[in-house]
Protein chains: 2
Amino acid sequence: MEKKLPTIKEIARRLNISASTVSRALHDHPSIGLRTKMAVKKLAAELNYEPNQTAIFFKQRKTFTIGLVLPNLREEFFSAAINGIEDVAMDHNYIVLIGQSHDDLAREQKLIESMKNHRVDGIIASISSSTTHIGHFEQMKNYEIPVVFFDRVPDAKDIHSVSCNLYDSSVEAVEWLIKNGHKRIAFLQGPPTLNMKNERLDGYMEAHKKHKLAVDESLIVSTDLSVEGTQKAFDSLMLLKKRPTAILSFNDYVTLDAIHYARQKKLTINKDICFVSYANVPVTQYVEYPPLASVEQFPYDQGVSATELLFRLIDKKTARQEAPYENIVLKSELIIR
Amino acid sequence: MEKKLPTIKEIARRLNISASTVSRALHDHPSIGLRTKMAVKKLAAELNYEPNQTAIFFKQRKTFTIGLVLPNLREEFFSAAINGIEDVAMDHNYIVLIGQSHDDLAREQKLIESMKNHRVDGIIASISSSTTHIGHFEQMKNYEIPVVFFDRVPDAKDIHSVSCNLYDSSVEAVEWLIKNGHKRIAFLQGPPTLNMKNERLDGYMEAHKKHKLAVDESLIVSTDLSVEGTQKAFDSLMLLKKRPTAILSFNDYVTLDAIHYARQKKLTINKDICFVSYANVPVTQYVEYPPLASVEQFPYDQGVSATELLFRLIDKKTARQEAPYENIVLKSELIIR
DNA sequence: ATGTGACAGGCAAACGATTGCGGAAAATGC
DNA sequence: GCATTTTCCGCAATCGTTTGCCTGTCACAT
């Protein structure tokens, strides 16, 4: 039942010429005469010949595939980033292998291993929240597989990365709250692993300093991003004698969970408590009480930028050139509703 | 600078034995003596040998890769489905190539083409809303690449598919509305291409018939899933002399758009107009006015089921067996808030 | 007639791993 | 001690394509 797909050898056999001639003819190599070239192309078209990519991958040591490892696809931030990645990849005739770590280190490692086995030409990654070390990524250097981190970038030297400048917009966000009369502003941060390079917190601090506001350490709490973790963090804030009037929170999803919980607790949003957040995901448009402002992180652009960087690295590798470590920082923007 | 990865040949050279012996030793072939086997495994471990998968892919005519083509990743329905697909794939040591059609036929075709070139072992697809013909999928038969459709299944014979029984729950949804006193129930359907096998509409009709309610054709409108399309459809319903009191609508995203628009028009949700929908995506939990009920379509389970079916097909192909066309229908469930 | 060069195309190796077949050496049988 | 079986391993082909190098055939100039 199996239909044999036509090969170069088959074409060569039928035309009584050699396989190398066929190959060159199909590639418009100058040393092939017009007559034979035409004959080859004609027969190739008739047989519906298509080169066996796996053979080419094998020979060329290239798979025209990039691997993408990220925490999940549920968050619109990541699915938007994929759009950028996919668009650039498609332009380069590449295709994307995908894997979700679900914020689990072991799974992330397994995915990287699997992508290495598949000999991807490069990897784009946003690390899981439980990624405490990045040995599995560093290993890729041994296989000459370039890795570009985006958004969730590990705090390490000698890596390539694309991320957003959250420092400036964090300052801006807090200043905006201060300008609106808030004096006790809480900071609900993510898990420690994602805080290594804590631009959000640094900006939070800077804004306080700039406006000569003391920072109350008890206003700084953190969540593991789970609903329960967020609720616990929120509870600890509400138990304070002097409650905050506003919360700057890790991202929109955490914020939505917090708002949902606050309403269960009979708090009035934007009166008892205000929220400012990060990500500015479109779904917040549909909710009743969205955060008052959110920092747009341009996931599509981050995806595009990361992929373009990756292709530069792949090209350099092909050309056997050294590539300096690049850490691209894109602008973010505080969007006020 | 390039580190040569160790190969079987390299091990053979160092041990002064043949490559075939090394290969067999690593595979615990019985005809290899214990001494040589040990020596090979020891050296392989020292050199950190790992088989070149691309060579194996090429030789075995298998890539241990499945392709996944779907409209988009933004909708939680699809990202949830991917979770199921990825989990099953991982169990089988497979990895997933992903591509978004963005509801564009040309792009879908290009993705299929690309996946074919990469010689994926199988394809799982949910068709785009502009997919008027499925020739590009049918082509895959020539390459012996099995295709399983899920959720958005084309209305064609000789295909494999996994979908949800939307007929029963559509009946149930309409009956629920009737029971709650609604007599004029509109039906906001998707674009024609996705309505070939219109279980939603059939269920809508059946419920009316069952309850001896006449169907008013002007209450049946459709959207191309865009915000504007949905608004236009909604407008046409509101222009009727006898407006509907409830709308059964294609999916939660369309519904959210419609609700958003209705509120702009100063309509009071659940009083002037009620909504019942499909998909039951989690994000509706966060919105102020979610649909009153939504049909859960169990995307994770659909993903699992589709992938398991695909692996059965791949196995049969490997065993050179015929596989009858399977069309699996899973249960859906009306979730009332 | 000889040399020079351009042109057209073939040979064979290579990429890395797998596998049918065959054969030498060692172990066993009688 | 010779035949036979078993154990262990190598040879070579194969998958489909690419590519460096070589060869043969003309045409043209000298």
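Ala, Val, Leu, Ile, Met, Phe, Trp, Tyr, Cys and Pro are counted here as nonpolar, Asp, Glu, Lys and Arg as charged, and the others, Gly among them, as polar. The model is predicted, so local features need pLDDT of at least 70 and side-chain atom pairs count only at pLDDT 80 or more, while totals for chains, interfaces and linings use all residues. Residues are numbered from 1 along each chain as its sequence is written, chains are lettered from A and ligands numbered from 1 in the order in which they are written, and side-chain values use heavy atoms, with hydrogens and water left out.

A residue is near a strand if one of its heavy atoms lies within 4 Å of it. Around DNA strand D there are 26 residues, of which A:Ile8, A:Arg24, A:Tyr49, B:Thr21 and B:Gly33 come nearest. Of the strand D atoms that come within 4 Å of the protein, 55% belong to sugar and phosphate. By class, the surface near DNA strand D has eight nonpolar, twelve polar and six charged residues.

Polar contacts are pairs of N or O atoms within 3.5 Å; within protein, one must be able to donate a hydrogen and the other to accept it, and residues adjacent in sequence count only if both atoms are side-chain atoms. A polar backbone atom of A:Ile8 lies 2.5 Å from a phosphate oxygen of DNA strand D. Polar side-chain atoms of A:Tyr49 and A:Ser23 also lie by phosphate oxygens of this strand, at 2.5 Å for A:Tyr49 and at 2.9 Å for A:Ser23. Two or more residues each are given to this surface by helix 1 (8–15), helix 2 (19–26) and helix 4 (53–60) of chain A, and by helix 2 (19–26) and helix 4 (53–60) of chain B. Helices (H or I, at least four residues) and strands (E, at least two) are DSSP runs, numbered from the N terminus. Helix 4 of chain A gives the most, with four residues.

DNA strand C has 28 residues around it, and A:Thr21, A:Gly33, A:Arg61, B:Ile8 and B:Tyr49 come nearest. Sugar and phosphate make up 54% of the strand C atoms within 4 Å of the protein. A polar side-chain atom of A:Ser31 is 3.4 Å from a base nitrogen of DNA strand C, and one of B:His27 is 3.2 Å from a phosphate oxygen of that strand. Helix 4 of chain B provides the largest share of the surface near DNA strand C, five residues.
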